[in-house]
Amino acid sequence: MIYCCCVFVYCLCECFKQEKSISCLPIVILLAFSVIVTVVYLQWKEPVFHQVMYGIMVGALVFRSVFIVSWVYPWLRPLCYTSLGLFLLGFILWNIDNLLCDTLRATRERLPPVVGAVTQFHAWWHILTGVGSYLHILYR
């Protein structure tokens, strides 16, 4: 997630910049960020740390995307906001799933299998961020 999001951030940073050269600084910064997050997460194993770091990356995407849509492609605002809304909804569901994991798991055991499958918020997070990423690629 972190690495894919870094690719999006890099692409958005490279879009519509004044000079037409490739700068190594964003690549080095994003690569260092990704490696540091990976090393810290592997040592610490705290999901909240991973969520916050992913949220920072998505925040960078949001700010750059809103700039591009506002100034370069204003007719793509609905697609941009739909993409960002799906990211946000997925992020909210992911956090709900992490906070209420034990309660949701106990509730799913009492529900029919189909309803239990639909209440897998972590799975919805993957689906929504996947669709949000796809829409994000479309309007970029």
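**Exercise 1. Locate S34, decide whether S34 is buried or exposed, and list what S34 touches.**

Solution. S34 belongs to helix α2, which spans residues 24–44, where a helix is a DSSP run of H or I with at least four residues, numbered from the N terminus. The next step is the relative accessible area of S34, which is 2%, and since buried means under 20%, exposed over 50% and partly exposed in between, with a 1.4 Å probe and protein chains only, S34 counts as buried. Finally, leaving aside residues up to four places away in sequence, S34 touches I2, Y3 and C6, a contact being heavy atoms within 4.5 Å.

The model is predicted, so that local features need pLDDT of at least 70 and side-chain atom pairs count only at pLDDT 80 or more, while totals for chains, interfaces and linings use all residues. Residues are numbered from 1 along each chain as its sequence is written, and side-chain values use heavy atoms, with hydrogens and water left out.

**Exercise 2. Describe how helices α4 and α5 are placed relative to one another, and name the residues that meet.**

Solution. Two packed helices are described by the angle between their axes and the distance between the axes. For α4 (residues 77–99) and α5 (residues 101–110), the axes come within 5 Å and cross at roughly 85 degrees; axes are lines fitted to C-alpha atoms over the stretch in contact, and angles run from 0 to 180 degrees between N-to-C directions. The two helices are therefore roughly perpendicular, the term used for 65 to 115 degrees. On the α4 side the contact holds I96, D97, N98 and L99, and these meet C101, L104 and R108 of α5.

**Exercise 3. Find the residues that the UniProt annotation "binding site" covers, and describe their surroundings.**

Solution. The annotation, from an unreviewed UniProt entry, covers H122 and H126, and such annotations may be inferred rather than shown by experiment. H122 sits in helix α7 (residues 121–139), and H126 is found in α7 as well. With a relative accessible area of 31%, H122 is partly exposed, and H126, at 43%, is also partly exposed. The side chains of H126 and H122 are joined by a polar contact of 3.0 Å, that is, a pair of N or O atoms within 3.5 Å, of which, within protein, one must be able to donate a hydrogen and the other to accept it, residues adjacent in sequence counting only if both atoms are side-chain atoms. Apart from residues up to four places away in sequence, H122 touches W94 and D97.

Definitions and conventions: Angles under 35 degrees count as roughly parallel, over 145 as roughly antiparallel, 65 to 115 as roughly perpendicular and the rest as oblique.
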